[in-house]
Amino acid sequence: MRLALWLAAAVLTATAGVSWAAETLPIAQIKKVTGQAAVLRSGDRRPARVGDMLFVKDVIETGPDGGIGIIFIDNTVFSAGPSSQIALDEFQFDSNDFRGAMLADMRQGTLAVVSGDIARSTPGAMKLRTPTAILGVRGTTFAVQVYGDH
Amino acid sequence: MMRRTIPALASIVLLAGCPRQALFVVLPNAEGGGAGAITVEDGKTATILDQPYATAESRAGSSAPVEESRGNISVIFRSAIAAQPILPHHFRLYFILGSDELTPQSKAAYHAVFDDIKQRPVYEIEVIGFTDTLGDLPSNQALSLRRAAAIRDTLLRDGLDPQAISIAGRGEHDLLVPTADQTPEPRNRRVEITVR
């Protein structure tokens with residue numbers, strides 16, 4: 001019984017450790033900011049600054065005169081125009097074999113994308129969700145506009 | 001035949017009557033090499049866009065290909081494209097047989113790598129070392145890591161940020177030019193550098 005409890009605790013600790021590590025690894029870096037841009041993380045909104053790292057579940061946001069450019073660790077490039085909101089919902093990437101998966105949720109605004117290693121090495125693994133459709137990305141350069149009043 | 005045509009026409013009228021909700025455009029690839037390809041799935045249909053400036057839109061939850069002028073496309077996405085950072089670049093540098101010293105040609109090519117890094121406001125650099133198949137696996141693994149480390153040391157000597165540089169060695173795995181074992185091959189004695 002004691003052993004079983006100890007094992008259960010060990011498994012819980014190990015699992016918690018793994019998910020903590022996975023969620024704290026940066027998935028992208030902010031490379032360019034113009035005008036107003038912000039990052040929403042766990043309920044906090046902070047100004048976006050060039051050099052800041054981004055993590056899974058972060059939301060990038062721009063004001064009416066804003067723009068932001070980021071590059072993911074798989075070399076995917078996102079650049080958003082004014083009044084945009086994009087949530088970085090899911091991201092996994094293995095730099096050893098370049099395989100992974102990503103899902104970004106584009107809620108409004110304009111976004112230009114140059115896809116990277118995930119779309120190249122894992123067909124169908126890069127997805128962009130909009131309120132009306134899901135984009136599967138085979139590569140490489142495309143743009144999406146989502147209107148605010150749907 | 002008529003029975004199939006009428007609902008199709010009706011749905012076009014319905015689509016045209018609703019405001020546009022989203023626009024999807026394939027752009028010419030940034031650095032040559034044709035166009036991108038995307039699939040727009042709305043739960044009912046899947047629209048494949050795979051030509052430069054191929055465009056689809058969503059209205060009332062349905063998506064369909066549309067014609068949109070290049071002029072309009074460039075106006076709509078001007079700010080998003082202007083926000084694009086310098087794209088990631090890849091470089092290969094080659095080494096002298098059995099050594100972590102660059103070939104004379106690659107010593108010259110190193111300057112292009114450094115210049116590329118310096119033009120970026122912030123940067124991340126990944127250096128992965130490789131060997132040819134001459135020699136045994138463990139010593140090639142070690143040599144590949146020494147090659148990556150040698151490049152990192154050069155970058156650091158040139159004043160770059162240690163926290164922005166990561167290195168790895170892949171030994172004789174992932175050959176650029178596939179060869180049999182114990183084959184000297186200059187193109188496999190390399191580092192691959194990604195700058196972003």
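This section describes the fold of chain A, its contact with chain B, the nonpolar cores and an open sheet in chain B, all taken from a predicted model.

Chain A is made up of 150 residues, of which 45% are buried. Its secondary structure consists of two helices and 12 strands. In order from the N terminus, the elements follow the pattern α-β-β-β-β-β-β-β-β-β-α-β-β-β. Among the contacts in chain A with a separation of 6 or more, 50% link residues 24 or more positions apart. The average pLDDT of chain A is 87, and 83% of the residues score at least 70. Residues 5-22 of chain A form a stretch in which pLDDT stays under 50, and for this stretch the model has zero contacts beyond four places in sequence. Where pLDDT is low, the predicted coordinates should not be read in detail.

The contact between the two chains involves 39 residues from chain A and 37 residues from chain B. On the side of chain B that touches chain A, β1 (20-26), β2 (37-41) and α3 (78-82) of chain B each contribute at least two residues. Strand β1(B) provides the largest share of that side, with seven residues. Classified by residue type, the side of chain B that touches chain A comprises 22 nonpolar, 10 polar and five charged residues. Strand pairing also connects the chains: β12 (residues 141-146) of chain A runs antiparallel to β1(B) and is joined to it by five bridges. Within this pairing, Val144(A) has Phe24(B) as its bridge partner.

Both of these bridge partners, Val144(A) and Phe24(B), recur in the largest nonpolar core, which has 55 residues; they are listed with Ile68(A), Leu111(A), Ala143(A) and Ile38(B) as the residues with the most contacts inside it. The element giving the most to this core is strand β9 (residues 99-114) of chain A, with seven residues. Leu111(A) has contacts, beyond four places in sequence, with Phe78(A), Ala80(A), Ser84(A), Ile86(A), Met106(A), Ala143(A) and Val144(A), and also with Ala80(B) of the other chain. Another core, of 19 residues, lies apart from the largest one and includes Phe95(B), Ile165(B), Ile167(B) and Val195(B).

Chain B also contains an open sheet of four strands, ordered β6-β9-β7-β8, with mixed pairing. Strands β6 (89-94) and β8 (165-169) of chain B occupy the edges and have a single partner strand each, so one side of each is left without a neighbour in the sheet. From one strand to the next, the twist averages 15°. Strand β7 (residues 125-129) of chain B pairs with β8(B) in the parallel sense over five bridges, and Glu126(B) has Ser166(B), in β8(B), as its bridge partner. Two helices of chain B lie across strands of this sheet. Helix α4 (residues 104-118) of chain B crosses β6, β7 and β9 (190-195) of chain B and runs at about 160° to β6(B). Helix α5 (residues 137-157) of chain B lies across β6, β7, β8 and β9 of chain B, at about 160° to β8(B).

Elsewhere in chain B, Ala60(B) is located in the loop between β4 (55-59) and β5 (62-66). Ala60(B) counts as partly exposed because 17 C-beta neighbours lie inside 10 Å. A distance of 10 Å separates the C-alpha atoms of Ala60(B) and Asp42(B), which are 18 residues apart along the chain.

Conventions
Residues are numbered from 1 along each chain as its sequence is written. Chains are lettered from A and ligands numbered from 1 in the order in which they are written. This is a predicted model: local features need pLDDT of at least 70, side-chain atom pairs count only at pLDDT 80 or more; totals for chains, interfaces and linings use all residues. A nonpolar core is a set of buried Ala, Val, Leu, Ile, Met, Phe, Trp, Tyr and Cys residues joined through C-beta atoms within 7 Å. A residue is buried if 20 or more other C-beta atoms lie within 10 Å of its own, exposed if 12 or fewer, and partly exposed in between; C-beta atoms are placed from the backbone. Two residues are in contact if their C-beta atoms, placed from the backbone, lie within 7 Å. Two strands pair if DSSP finds at least two bridges between them. Axes are lines fitted to C-alpha atoms, for helices over the stretch in contact, and angles run from 0 to 180 degrees between N-to-C directions. Ala, Val, Leu, Ile, Met, Phe, Trp, Tyr, Cys and Pro count as nonpolar, Asp, Glu, Lys and Arg as charged, and the others, Gly among them, as polar. pLDDT is the predictor's confidence in each residue, from 0 to 100.
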